[in-house]
Structures are given as C-alpha cells and as structure tokens.
Amino acid sequence: MRTVTRLAGFAVGLAAVFGTTYGIGRVVDRAPVVEGRHDGDGAHATGEHDETTDRLPGGLLVSDRGYTLEPVDAPADEFAFRIAGPDGQPVTRYDVAHDKQMHLIVARRDLSGFRHVHPELAADGTWRVDTPLAGPGLWRAFADFTPTGGEALTLGVDVTVPGELTERPLPAPSTSTTVDGYTVTLTGSPQPGRTSPLTLTVSRGGQPVTDLEPYLGAYGHLVALRRGDMAYLHVHPDGTPGDGRTRPGPAVTFLAEVPSAGSYRLYLDFRHGGAVHTAEFTVVAGTPAAGTPAADAPPTGGDPSGPAPTGGADHGTPGHGHN
C-alpha cells in the first residue's frame, strides 16, 4: 500500500491553473494527444475532423464536432452539466439511445471506482443527477449522447474531489470475478485494431443464470477504459431481447475493438433479481509498447490514489451504482 496522500492540496494547485470550480470538486479540462482509431460497431467513437484526431477513441476530448461538455455550479450532493452546441447555446433535444437520452459514466483515474447513471434534462438544457462522485479522487466524467440531428458523441472532463485517500494499484488481469453472489467468467481477449468477441457468462451458486433481465434494452452493457489516458468504449451486446434468437443468459457476447495495446478495465452491467450488478475485469490487449504502465503501476494523467478497488466481492462499496 502506498503512502497516504492529501488530494486537497493537489486540487488547490489545479484551481490555480484552471480556475474552474464545480460542486464538491474541481473541473479540469484535459484533452490528451494519443494515437488511436475509431471504435468498431457497437462502440461510440469521437474525434475531430482532421487527420490526427479522427483516430482518437471516445472520451478524450471535452469539445468535439462543435459540441462541448460544460460542467456548471451545483450543490455538493449534485452533479450538473450542459452540452453546448455549434451555436454556443445549450442543446435541449437529444435522441434516445438504449432507453435513455444521456448516459453519464464516471470513473476514478486509478480505475477503482465506477458508476453509470442517467441524469434528468431541464428545460434550459442542464442535466442534473445526484452526484455519482463517491469519495475523494481524480475522476473522469463521460457524457455519452446523440444530439438530435447529429452524430453519437462521447465527451469527457476531469473532476477532482479533494480529501485524504490511499493509492490503490490496478487489479491483476483475470478471467473470472464475483459480484453480489454472482460469478462472471470472461472468454476471449481484446485485440488492438480489430473487432474481437468477448463473452461474459453469469452463474450463481454454481448454476448458470438463464433469466437475465433486460437493462436499457439489452442483457448487458460493457464499458472499457484504457489505463492511463482513460480512452472510452461503450459496447453493447450482439442481439436484442425479444428478437427471437437472443437468449437471456447465461452468456452475453460483445463485439469490441480496442484502439491500442495496453491494459484496460472492463465494467459489465447486467440485471437480475430486479437489481443491476457490475462485474469488473482487468485485461491486457496485445503487447504494450515500451514505457506503457503495467497493470499495477500508478496511472498517468492524474493522481493515482483512491479507495480499494470495487470489483469482485467488494462490489457495493462507494463508487458503484446505477439509476
């Protein structure tokens, strides 16, 4: 375990540089330059219209294709933001994608906390939700949406929640995890630059779960975050409930394309017994280039510390949730 770090001082330093306050944390506009490529079918990808940033995965940019993610002041128990359109005005019309107009995903930059929530849209274009930032840390917030008449986008921004915390390493790669009494097994390996099947199989008490319940129009949702820069993939499964061929478990297969070699954290949302559960895995795609952080190395681009990882049997600790 690494030395306890007080993030409050770090947040003050960030404020001196960026000068933007937000609710219980501080917002940092980060747009790292990385090599990548568009995600495959089923994954949301973003990139500006030039030869370089057309290769960026989703979530790395705070502004893309004329749309900008703008956090706004909010009470300490609330998270609020707007999407400014090409005319500079808040967007008020969105298409429904997977039963919702807006998917907000937040994760600590050490990948030890994760939440997938759905804010409510006010008439003035402000999205509001009970804060999903559960505890001190440097968080990345991803707004995943489709403006009416536009393309699907994922915009991202960093938010720092000050407080005392302890650095935690990324869990080692694994093909099996437990959450809320369920065992989830991963078959398949992501391959950089090409679509690969990933099958997640759910069991409970040693028995396969064959009655998964639809959640947001599917039997599962998979988010992948790349170690270091937090490149984002939101992948939906092959098949749809009620299509006559897709079974409600125990296996859910996703077709995913990761943009590069490296370590990724996978978050599977599935619904059973009237509740949504999140299973987490660390996977390594391809052979990381020299200098790429190992799975247990501190993340780059922010303070690496955070509470204990919430995957597996520790699910339900602060950092997870759905609404």
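Does Tyr94 count as buried or exposed, and at what relative accessibility? Tyr94 counts as buried, at 5% relative accessibility; the term buried denotes under 20% relative accessible area, exposed over 50%, and partly exposed the range in between, with a 1.4 Å probe and protein chains only.

## Basis of the description

The model is predicted, so local features require pLDDT of at least 70 and side-chain atom pairs count only at pLDDT 80 or more, whereas totals for chains, interfaces and linings use all residues. Residues are numbered from 1 along each chain as its sequence is written, and side-chain values use heavy atoms, with hydrogens and water left out.

## Overall composition

The protein chain contains one helix and 22 strands; helices (H or I, at least four residues) and strands (E, at least two) are DSSP runs numbered from the N terminus. Of its 323 residues, 52% count as buried. The accessible surface comes to about 12,900 Å², and 50% of this belongs to carbon and sulfur atoms; the areas come from the Shrake-Rupley method with a 1.4 Å probe, and for residues only the protein chains shown count as cover. Among contacts between residues at least 6 apart in sequence, 67% join residues at least 24 apart, where a contact means heavy atoms within 4.5 Å.

## Strand pairing

Two strands are taken to pair if DSSP finds at least two bridges between them. The table gives four antiparallel pairs.

| Strand pair | Bridges | Residues opposite each other |
|---|---|---|
| S14 and S15 | four | Thr178 and Thr183 |
| S15 and S16 | six | Val184 and Val202 |
| S18 and S21 | six | Arg226 and Tyr264 |
| S7 and S8 | four | Leu104 and Val117 |

Strand S15 (residues 182-187) has alternating side chains: Tyr182, Val184 and Leu186 point to one face and are buried, while Thr183, Thr185 and Thr187 point to the other face and are not buried. In a regular strand such alternation between the two faces of the sheet is the general pattern. S14 and S15 form a hairpin with two residues between the strands, in which Asp180 takes a positive phi near 50 degrees.

The hairpin of S7 and S8 has five residues between its strands, and Leu111 in the turn has a positive phi of about 65 degrees. In strand S8 (residues 114-117), Phe114 and His116 point one way and Arg115 and Val117 the other way, yet all are buried.

An open sheet is formed by four strands in the order S19-S18-S21-S22, with antiparallel pairing. Strands S19 (232-235) and S22 (275-285) stand at the edges with a single partner strand each, so one side of each is left without a neighbour in the sheet. From one strand to the next, the twist averages 20 degrees; axes are lines fitted to C-alpha atoms, for helices over the stretch in contact, and angles run from 0 to 180 degrees between N-to-C directions.

## Nonpolar cores

A nonpolar core is a set of buried Ala, Val, Leu, Ile, Met, Phe, Trp, Tyr and Cys residues joined through side-chain atoms within 4.5 Å. The largest has 26 residues, and those with the most contacts inside it are Val184, Leu200, Leu222, Leu266, Leu268, Phe270 and Phe281. Two or more residues are given to this core by each of S15, S16, S18, S19, S20 (251-256), S21 and S22. Leaving aside residues up to four places away in sequence, Leu222 touches nine residues' worth of neighbours listed here in full: Leu198, Leu200, Leu233, His234, Val235, Phe254, Leu266, Tyr267 and Leu268. A second, separate core of 24 residues includes Ile83, Leu104, Trp127 and Leu153.## Aromatic pairs

Rings of Phe, Tyr and Trp (its six-membered ring) pair if their centres lie within 6.5 Å; planes under 30 degrees apart count as stacked, over 60 as edge-to-face and the rest as tilted. By this rule there are six aromatic pairs. The ring centres of Phe79 and Phe81 are 6.0 Å apart and their planes stand at 65 degrees, so the pair is edge-to-face. Phe79 is buried, with a relative accessible area of 2%, and Phe81 is buried as well, with 1%.

Tyr94 and Trp127 also form an edge-to-face pair, at 5.1 Å centre to centre and 70 degrees between the planes. This pair links distant parts of the chain, 33 residues apart: Tyr94 lies in the loop between strand S6 (78-84) and strand S7 (102-108), and Trp127 in strand S10 (residues 126-130). Trp127 counts as buried at 1% relative accessibility. Ring pairs link Tyr94, Trp127 and Phe145 into a cluster.
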